[in-house]
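Some terms in a structure description need their cut-offs before they can be read. A reader asks about them here, and an author replies.

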Amino acid sequence: MERYICIHGHFYQPPRENPWLEAIEVQDSAYPYHDWNERILAECYAPNSAARILAEKEQIAKIVNNYSRISFNFGPTLLSWLEEKAPEVYEAILASDRESQKTYSGHGSAIAQAYNHLIMPLANRRDKYTQVLWGIRDFEHRFGRPPEGMWLPETAVDLETLDIMAELGIRFTILSPGQAARVRPIGARVWRDAKGGQLDPTMAYQVRLPSRRKISVFFYDAPIGHAVAFEGLLRSGEDFAGRLLGAFSETRPPEAPPQIVHVATDGETFGHHHRFGEMALAYALDSIETRGAARLTNYGEYLAKHPPTHEVEIIENTSWSCSHGVERWRGDCGDSTGAHPGWNQSWRAPLREAMDWLNSALAPRFESLGRELFKDPWQTRNDYIAVILDRSPEDVAGFLNQHATHDLSPAERVTALRLLEIQRHSMLMFTSCGWFFDDISGIEATQVLQYAGRALQLAGDVHGEDFQSPFLKIIERAKSNSPHYRDGHHIYDTFVGAARVDREKLGAHYAASSLFKDYPQRTKIYHYFVERQQYQRLEAGATKFVVGRATFDSEVTRETCDLIFGVLHFGDHNLSVGVREFLGAQAHEVLVKDAAEAFVKADLTEVIRIMSAHFGASIYSIKSLFRDEQRQIMNLVLDAPLAEAESAYREIYLRHAPLMRFFTELRTPIPKAFMAAAEFILNTELRRGFEADVVDADNARTLLDNVRNMCIELDTSGLSYALSRTIDRLAERLLTDSADLARLRRLESTVRLARSLTFEVNLWKAQNAYYAILLDVYPGFREKASSGDKTAQSWVELFRALGQKLSIRVS
């Protein structure tokens, strides 16, 4: 009898975008990466698209796409980010689904996910329906086919959700065995208790729903899943394969369907939570397949070949990550990460109450005003996923024409889109991660508060009501475990206030950043289109003055504004920006004339007075800039001071380096002032050397000798990141012209340096490029070399040397 194995990876990251910018701002905790998505991309999502299988001597024998051989789902919001920020990985994920259809009898390995990972049993029916529908539509848009299965966030389940999924064509989902109540053969009368995971997880089950629809459920193998996630099973691919094969029963009745041993776990387990976990997964799957010990499959294929023979009743309002059902997302049930012993999660209840209140308050307003604009407001919301996936003017216009009750005016179009954005954010604010962790001050909880803040801002604009005050009154009862953050009200003011964007802040950002960035007449800042109408710039030494006018159009809501601005920059971090609505050409001309005259006379006091008179309280500073540009501008502002500091440190280091070395020989601690200078200069020199197009390996080794002799602390994360980026560039250039011996020599020299370092350098992209050349180009050069071609012989010799340093086996 056939034996099947299936591994399911639930790949998901909390949405991290600033809701006003629709983009992720820099997250310092992810250093040296820009943000956590980027970091986990490097540690997990990318490695699984090209996972290494090792042979003897730890050399890479094969590089495979894990996604094509497992079952998987990706959160739609994560896929949207990958599509923009990592198109190669995104395409590898889509390609793996196409490849799996060839392998698994036409059944793709990708399944859908309820859209933004809210806890479905805690949602109202309307939101459940939209979440399932949006998940399906997003999947179809990306994978080009309807999904057979759907992942439920945290596997949180109730019958209403399953019924909606079945109604919309979903055939199966995956649950924890602890979510089964009782089972029986289809057609039998007697049920058998299955609580506590007392059921056979090696087959599919059928759930009969209140509507008389049916849906299939797979209950994953919990002990193996736990071992993968928490017990270090991924330390060995051989052990992983053995554990999977050991789960088959040798005493299964002959009339029972073939066994499917399957495991479901967070996809990030394979590489992010467990380093090299993707390699253990690749090795295990390859080993099982090569030995013929079992047949790899996915859920769709297995279900088509072996439909359920048993039915199951589920335990509603349960999940895989809360031992108390779904209480983790609405109360202080005791489940937490355990990272902060003694902390409580009593904040969860008022956070849930505030979100529920806001959602309930916004829904009737949406329905009431929506009836004036839409034929069916809730159907319009369901179909709004088409606009989220494509915000082009043509698509938005077609969508509104399809759903509007009449030909909408420009103002009505803005109102219509604002209403739909309120609804989008009123679902995003329920993203499960907001309640999962230990405190309301965590980045996941503050993220859902930002979504609520965006919904509150839009609702106030559209409905003219104060929804924020009652919301804050509820959230104030959410007490933080950190005295610094006090409560939900304070956290809202701190984190939502900093993220919030209005038209004046947008104008201030454009005006201030225009001092440091040469914008074209028409540009795009995040999802805002900016059209410069007038712009005048005056300079006097380090002091600069800018005055101008620009129009701003939101790609999301299509609202527009016409703003004038003035910027006075004193040459350092002191910068004043005034912004206000354009009130006519005459008032603008007076501002330009008066301020320019005062600046030319070097009467900066008068310039400040004129700005105050024209702009009133709408004066902004560099603190008002969006975080990424703020960081870039501060780096520019710091260029001169840092150059001055570097010069001073360099003089100290060069003058006293012999003395420092003498201290080292005496085994006497080097004075801290000297150590600070040496640490700064040596790290700076190494980073610059690693970032250069041509890396001077000899100079780098000399610097590293000094580091070692003086016991200098290196910024290993930053240096490793810098050198890996350089190696990536060199590898990409070699890939475009693989015959170029100079490019090959430069890459080999740089990789040789990387291998000699005491810290690890990520060579993943270089290995991928090398493997592609090995398969496509190397055979031709080897043939030429064997025929006596001297150039080819030099190339082959150097290429093999590079392969050795990249740990890739070359036949």
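The exchange below sets values against their definitions.

Author: This is a predicted model, where local features need pLDDT of at least 70, side-chain atom pairs count only at pLDDT 80 or more, and totals for chains, interfaces and linings use all residues. Residues are numbered from 1 along each chain as its sequence is written, and side-chain values use heavy atoms, leaving out hydrogens and water.

Reader: Why is the protein chain called as compact as a globular protein of that length?

Author: The globule rule is 2.2 Å times the number of residues to the power 0.38, and the radius of gyration is taken over C-alpha atoms. For 811 residues the rule gives 28 Å, and the chain has 30 Å, which is close, so the chain is as compact as a globular protein of that length.

Reader: What makes a residue of the protein chain count as buried, and what percentage of the residues is buried?

Author: Buried means under 20% relative accessible area, with a 1.4 Å probe and protein chains only. Of the 811 residues, 56% are buried.

Reader: How do you know that the buried residues of helix 17 are on the same side?

Author: A helix is a DSSP run of H or I, at least four residues, numbered from the N terminus. In helix 17 (residues 468-475), the buried residues are Phe 471, Leu 472, Ile 474 and Ile 475. They cover an arc of only 160° around the axis, so they lie on the same side of helix 17. The arc is that of the directions from the helix axis to the C-beta atoms.

Reader: Which helices do the buried residues of helix 17 pack against?

Author: They pack against helix 10 (348-373), helix 16 (443-463) and helix 18 (488-499), where contact means heavy atoms within 4.5 Å.

Notes
Buried means under 20% relative accessible area, exposed over 50%, partly exposed in between (1.4 Å probe, protein chains only). Helices (H or I, at least four residues) and strands (E, at least two) are DSSP runs, numbered from the N terminus.
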